[in-house]
Amino acid sequence: MKKIVSLVCMGWIFALTSISANAFSSDVPLLQVEHLKPQFWQAKLNNADVVILTPEQIMGRNQQTFALQSEMQLLQDLPAQFTDAELAQIINRVSKVATDARFYANGIKLSAMHWAAYQQLLALPQLKPQNTVRFGLVVKRTALRSFPTDDRVFNAEANKDLDRFSETALFPTDAVAVLHTSADKKWLLVQSFNYTGWVKTADVAMGSKQQVLAYAEQQPFVVVTGATVRTAFNPEIAAVSELQLDMGIRLPLQSAADVGFIVHGQNPAASYIVQLPLRDANGNLSFTSALLPLSADVHQGYLPFTANNIIGQAFKFLGERYGWGHDYNGRDCTGFTSEIFRSFGFLMPRNSGQQGNGQYAENTRFTNASSAEDKLSAISKAQPGDLLYFPGHVSLYLGMLGTQPFMIHDVNTLIYPQQNGELYQGTLNGVVVTPLLPLNANVEQSYLDALYAVKSLR
């Protein structure tokens with residue numbers, strides 16, 4: 001039996017539906033079980049399978065993004081060397097001592113002594129007058145951090161899901177420029193195409209600039225289109241055995257005619273043969289073949305950029321645990337959107353503010369003077385797959401159900417006003433479908449009030 005509870009929010013009235021035991025039940029307002037199926041939203045699409053942009057047009061969009069966004073960097077355009085002053089500036093920007101208090105999981109506050117120990121790891125005294133930029137390929141999924149340490153630290157709210165040293169992740173095959181080494185040699189300061197931070201030395205294989213950059217240009221290639229896939233078990237080379245590959249990773253495709261009809265003890269007839277980077281005992285780059293089953297969720301070439309595919313890709317992450325800075329082997333809100341669009345060939349800035357405030361693509365922007373009606377009108381004209389930006393957050397627009405916009409996003413909190421005027425404060429901590437209007441972005445603002453941009457990559 002259904003129980004309908006009125007939920008009054010911002011002048012709108014919504015029905016919060018709770019379904020009896022043995023059926024779907026949720027504390028997310030308006031959410032129904034059918035909303036959690038991609039087919040529900042795909043059935044509402046117009047021209048669902050029409051290609052929106054070709055790979056060549058997407059490449060042009062990427063060129064626009066790099067031209068407009070200062071945080072995006074083509075690695076081939078980096079200088080051959082940085083002076084000590086230039087590199088020190090980069091290090092100090094990446095590894096800033098927090099102005100607000102930070103705490104360990106046991107509640108101990110980081111002291112000046114703690115911060116000094118982290119700063120010592122930065123090895124600033126070891127900088128040379130001229131520091132050569134080196135290059136490498138990432139060989140396994142790895143954390144990119146603001147300091148060269150695995151220590152987890154938190155702000156005063158003590159939310160243990162939000163490690164403030166965690167920045168993002170790098171994935172197998174990612175190219176990086178290597179700028180510096182930590183004092184203990186266990187970490188490298190690296191720059192990817194959209195972020196700079198510290199990564200474990202053991203997770204990067206060093207090669208020549210030409211060798212590293214040419215890898216990503218090889219044809220033909222396959223792209224990982226599942227949330228994750230794994231290479232086949234390999235009893236000969238553990239580093240590429242059951243290796244996790246996340247959505248959007250591009251892999252050079254090889255042929256049995258080139259590498260033979262046995263790959264690490266297995267016939268490749270029912271597999272894709274892909275080339276993967278390998279780190280040798282000296283940290284140097286080599287390459288090896290690996291197998292991906294033909295049943296794996298991959299696509300030869302980039303996935304066609306269609307409305308159907310955007311929705312389908314987003315729902316492949318449904319229910320995945322939220323991971324701030326790609327923690328917990330998951331991803332956060334911008335990782336969620338970036339990896340969806342990376343499977344089509346798009347390259348985007350890392351942080352939500354860089355994306356939302358960025359001038360690339362087509363943007364509808366709002367100010368403090370924008371009315372709720374202005375925002376709702378813009379949302380109603382948006383296309384499913386467009387991106388909605390809020391301070392510190394991004395979601396993917398799914399469409400309207402009546403007058404209610406729905407979105408799918410990777411989100412930590414669940415906040416909304418109840419009928420009695422009190423705020424409900426729950427937890428989502430994962431990729432989930434929600435309506436927009438009943439929910440708050442934080443304890444002070446509704447999502448609608450916080451919305452500052454709608455971005456379309458079409």
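Modeller: Before we start on this predicted model, one term is needed: a residue is called buried when its relative accessible area is under 20%.

Biologist: OK, so how many residues of helix H7 are buried?

Modeller: Helix H7, which covers residues 307–315, is mostly covered, with eight of its nine residues buried.

Biologist: Which ones are they, the buried residues of H7?

Modeller: They are Ala307, Asn308, Ile310, Ile311, Gly312, Gln313, Ala314 and Phe315.

Biologist: And what do the buried residues of H7 pack against?

Modeller: They pack against two helices, H1 (38–42) and H8, and also against the strands E21 (393–401), E22 (404–417) and E23 (423–435).

Biologist: Let's switch to pockets. What volume does the second largest pocket have?

Modeller: The second largest pocket has a volume of about 1,200 Å³, and of the 44 residues that line this pocket, Phe193, Ala216, Glu217, Tyr302 and Leu347 are the closest to its centre.

Biologist: Which element gives the largest share of that lining?

Modeller: That is H2, with seven residues, while the elements that give two or more residues to the lining also include strand E7 (166–170), helix H5 (209–215) and helix H8 (333–342).

Biologist: How do the lining residues divide into nonpolar, polar and charged?

Modeller: The lining of the second largest pocket has 23 nonpolar residues, 14 polar ones and seven charged ones.

Biologist: New topic: is Asn131 buried or exposed?

Modeller: Asn131, which lies in strand E4, counts as buried because its relative accessible area is 9%, and the cut-off is under 20%.

Biologist: What lies 2.7 Å from a polar atom of its side chain?

Modeller: That is the backbone oxygen of Lys128, and, leaving aside neighbours within four places in sequence, Asn131 is in contact with residues including Ala80, Phe82 and Leu87.

Technical notes
Residues numbered from 1 in each chain as written. Predicted model: local features only at pLDDT ≥ 70, side-chain atom pairs only at ≥ 80, totals over all residues. Heavy atoms only, no water. 1 Å grid on protein atoms, 1.4 Å probe; cavity = no way out; pocket = protein on both sides within 12 Å on 5 of 7 lines; lining within 4 Å. Points joined across faces, edges and corners; volume = space filled by probe spheres on them. Helix = DSSP H or I, 4+ residues; strand = E, 2+ residues; numbered from the N terminus. Nonpolar A, V, L, I, M, F, W, Y, C, P; charged D, E, K, R; others polar. Buried < 20%, exposed > 50% of the residue type's maximum accessible area, 1.4 Å probe, protein only. Polar contact = N/O pair within 3.5 Å; in protein donor to acceptor, adjacent residues only side chain to side chain. Contact = heavy atoms within 4.5 Å.
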